[in-house]
Amino acid sequence: MIFRRIIGYLWQLSDVLLFISAMIVLDYTAFRINATLGWFVISLILFVLGWLVEAISERKRGDS
């Protein structure tokens, strides 16, 4: 039972790390193409992250 929890936490951590690394690679690639595109991708990433935070907080607020 404790191993299932540990595996679950590790899986969630790997999801977060992979998401962050994907955003970094996407932004780096956009800056390599063009600086304007890089700044646009940064703003898009921040918009998506803000939306995800709001969606997660709404879901957690509804559960409690």
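The exercises below work through the fold, one helix, a surface patch and a ring pair of a predicted model.

Residues are numbered from 1 along each chain as its sequence is written, and side-chain values use heavy atoms, with hydrogens and water left out. Because the model is predicted, local features need pLDDT of at least 70 and side-chain atom pairs count only at pLDDT 80 or more, while totals for chains, interfaces and linings use all residues.

**Exercise 1. Overall form**

State how many helices and strands the chain has, and compare its radius of gyration with that of a compact globule.

Solution.
- Step 1: There are two helices and zero strands; helices (H or I, at least four residues) and strands (E, at least two) are DSSP runs, numbered from the N terminus.
- Step 2: The radius of gyration is taken over C-alpha atoms, and the globule rule is 2.2 Å times the number of residues to the power 0.38. For 64 residues a compact globule would come near 11 Å, but the chain has 16 Å.
- Step 3: Along the principal axes, the C-alpha atoms fill a box of roughly 50 × 30 × 5 Å.
- Step 4: Buried residues make up 8% of the 64 residues. Buried means under 20% relative accessible area, exposed over 50%, and partly exposed in between (1.4 Å probe, protein chains only).
- Step 5: About 5900 Å² of the chain is exposed, and carbon and sulfur atoms supply 73% of this area. The areas come from the Shrake-Rupley method with a 1.4 Å probe; for residues, only the protein chains shown count as cover.

**Exercise 2. Helix α1**

Check the span of α1 against its number of residues, and decide whether α1 lies in the open.

Solution.
- Step 1: The expected span is 1.5 Å times one less than the number of residues. The 32 residues of α1 should therefore span 46 Å, and the end C-alpha atoms, 47 Å apart, agree with this.
- Step 2: Two pairs sample the length: I6 and F31, 25 residues apart along the chain, have C-alpha atoms separated by 38 Å, and for R32 and I2, 30 residues apart, the separation is 45 Å.
- Step 3: Two of the 32 residues of α1 are buried, so the helix lies largely in the open. R32 in α1 is exposed at 63%, whereas T29, also placed in α1, is partly exposed at 38%.
- Step 4: T29 and V41 are 12 residues apart in sequence, and their C-alpha atoms are 9.7 Å apart in space.

**Exercise 3. Nonpolar patch**

Which residues make the nonpolar surface patch of about 640 Å²?

Solution.
- Step 1: Patches take residues with over 30% relative accessible area and no salt bridge (a side-chain nitrogen of Lys or Arg within 4 Å of a carboxyl oxygen of Asp or Glu). Like charges are joined within 9 Å, and nonpolar side chains (Val, Leu, Ile, Met, Phe, Trp, Tyr) within 5 Å.
- Step 2: The patch is made by I2, F3, I6, L10, L13 and L17.
- Step 3: F3 lies in α1, residues 2–33, and is exposed at 64%. I6, in α1 too, is partly exposed at 42%.

**Exercise 4. Aromatic pair**

Classify the pair formed by F31 and W39.

Solution.
- Step 1: Rings of Phe, Tyr and Trp (its six-membered ring) pair if their centres lie within 6.5 Å; planes under 30 degrees apart count as stacked, over 60 as edge-to-face and the rest as tilted.
- Step 2: The rule gives one aromatic pair. F31 and W39 are 5.4 Å apart centre to centre with 80° between the planes, an edge-to-face pair.
- Step 3: F31 is partly exposed at 32%, and W39 is exposed at 56%.
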